[in-house]
Amino acid sequence: MEYVNPEGLRLDGRRFNEMRQIVAEVGVVSRADGSAVFEMGNTKVIAAVYGPREIQNKSQQKNGHALVMCEYSMAHFSTGDRRRQKNDRRSTELSLVIRQTMEACILTEIDIFLQVLQADGGTRSACINAATLALADAGIPMRDLAVSCSAGYLNSTPLLDLNYVEDSAGGADVTVGILPKLDKVTLLQMDAKLPMETFETVFALASEGCKAIAERVREVLQENTKQLEYRRAA
């Protein structure tokens with residue numbers, strides 16, 4: 001199957017270095033301390049955070065990082081597979097990956113709940129981005145914004161922000177998480193082998209995607225701050 005045509009366009013009309021449309025909103029769960037919805041194309045994730053809490057067991061705090069409890073799940077209607085269970089192996093693995101990524105930026109103890117409402121590729125990155133927005137919405141102290149994006153390699157072409165069809169094509173998929181201001185990588189996962197030169201190209205593409213998402217996250221937070229100031233003034 002041809003995933004990139006001779007004109008350089010992908011199946012959904014994007015070029016190799018174009019991301020899907022990003023839509024985000026904070027303050028969507030009234031009973032949470034902070035919450036957010038984050039959409040990347042047809043992938044849609046909701047995040048809710050509760051805290052901060054005082055760390056009860058100081059001996060459990062590792063390397064100056066806060067303790068994070070993270071629960072990831074997929075709504076049964078998020079994909080065509082209705083048999084998916086909440087506590088399956090993938091959900092457990094992704095809960096751990098997201099928790100470890102968020103621990104790198106959070107300065108206090110917090111609970112994070114994530115649910116995928118629609119899955120069309122990139123759910124791991126979308127969850128991290130949603131969690132960051134929810135944490136900011138809750139006023140949680142953070143070292144930096146944790147953001148994530150993926151890139152892949154299909155038809156001998158590096159592709160940014162894979163959708164489900166591209167992600168399922170069997171090519172390499174590299175998911176990257178960064179703290180942009182600190183210039184620190186907090187997540188790097190690859191599900192297939194790549195030559196070093198190709199990997200560096202795909203990694204650089206995913207990193208640029210992360211920086212673009214970080215800018216979008218800042219815009220969403222700035223817009224929310226303006227709306228809050230307007231409401232207070234009114």
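## Exercises on a predicted model

Serine 95 sits in helix α1. Keep in mind that the model you are working with is predicted.

### Exercise 1: Serine 95

Work out whether serine 95 is buried or exposed, and find how far its C-alpha atom is from that of alanine 214.

Solution. Start with the cut-off: buried means under 20% relative accessible area. Serine 95 comes in at 12%, so serine 95 counts as buried. Now for the distance: the C-alpha atoms of serine 95 and alanine 214 are 22 Å apart, with the two positions 119 residues apart along the chain.

### Exercise 2: A salt bridge within a helix, twice

Take the pairs glutamate 103 with arginine 99 and lysine 211 with glutamate 208, and explain how each pair is placed in its helix.

Solution. Here's the background: side chains of opposite charge can pair when their charged atoms come close.

Step one, glutamate 103 and arginine 99. Their closest N and O atoms are 3.0 Å apart, and the two form a salt bridge. Both belong to helix α1 (residues 89-103), and because they are 4 residues apart, about one helical turn separates them. As for cover, glutamate 103 is buried at 8% relative accessibility, while arginine 99 is partly exposed at 21%.

Step two, lysine 211 and glutamate 208. This salt bridge has an N to O distance of 3.5 Å. The pair is in helix α4 (residues 196-233), and the spacing is 3 residues, so again you get a separation of about one helical turn. Lysine 211 is partly exposed, with a relative accessible area of 45%, and glutamate 208 is partly exposed too, at 49%.

Salt bridges with shared partners also tie Arg10, Asp12, Arg14, Arg20, Asp120, Asp161 and Glu166 into one network.

### Exercise 3: A bridge across the chain

Pick out arginine 20 and aspartate 161, and say which parts of the chain their salt bridge links.

Solution. First, the contact: the closest N and O atoms of arginine 20 and aspartate 161 are 2.9 Å apart, and the two form a salt bridge. The bridge links distant parts of the chain, with arginine 20 in the segment before β1 (22-26) and aspartate 161 in the loop between β7 (157-160) and α3 (164-167), 141 residues apart. Next, check the cover on each partner. Arginine 20 is buried at 8% relative accessible area, and aspartate 161 is buried at 1%. For the overall tally, the structure holds 11 salt bridges.

### Exercise 4: A buried charge without a salt bridge

Find what aspartate 144 has around it, given that it is buried yet has no salt bridge.

Solution. Locate aspartate 144 in the loop between α2 and β6 (147-154). The nearest side chain of opposite charge is arginine 218, which is 5.0 Å from aspartate 144. A salt bridge needs the nitrogen within 4 Å of the carboxyl oxygen, so this pair doesn't qualify. Then look at the backbone: the nitrogen of leucine 182 lies 3.0 Å from a polar atom of the aspartate 144 side chain.

### Exercise 5: Checking helix α2

Compare the expected span of helix α2 (residues 123-137) with the distance between its end C-alpha atoms.

Solution. At 1.5 Å a residue, the 15 residues should span 21 Å. The end C-alpha atoms are 21 Å apart, which agrees. On cover, 13 of the 15 residues of α2 are buried, so the helix is mostly covered. Just past α2, glycine 139 takes a positive phi of about 75°.

### Exercise 6: Backbone oddities

Which residues in the loop between β6 and β7 have a positive phi without being glycine?

Solution. Asparagine 155 has a positive phi of about 50° and lies in that loop between β6 and β7. Serine 156, in the loop between β6 and β7 as well, has a positive phi of about 60°. Asparagine 155 is partly exposed at 37% relative accessibility, whereas serine 156 is exposed at 62%.

One more to look up is the cis peptide bond between glycine 51 and proline 52, where omega is about 10°. Proline 52 belongs to strand β3 (residues 43-53).

How values were computed: Residues are numbered from 1 along each chain as its sequence is written. This is a predicted model: local features need pLDDT of at least 70, side-chain atom pairs count only at pLDDT 80 or more; totals for chains, interfaces and linings use all residues. Side-chain values use heavy atoms; hydrogens and water are left out. Helices (H or I, at least four residues) and strands (E, at least two) are DSSP runs, numbered from the N terminus. Buried means under 20% relative accessible area, exposed over 50%, partly exposed in between (1.4 Å probe, protein chains only). The expected span of a helix is 1.5 Å times one less than its number of residues. Lys and Arg count as positive and Asp and Glu as negative; His and the chain ends are not counted. A polar contact is a pair of N or O atoms within 3.5 Å; within protein, one must be able to donate a hydrogen and the other to accept it, and residues adjacent in sequence count only if both atoms are side-chain atoms.
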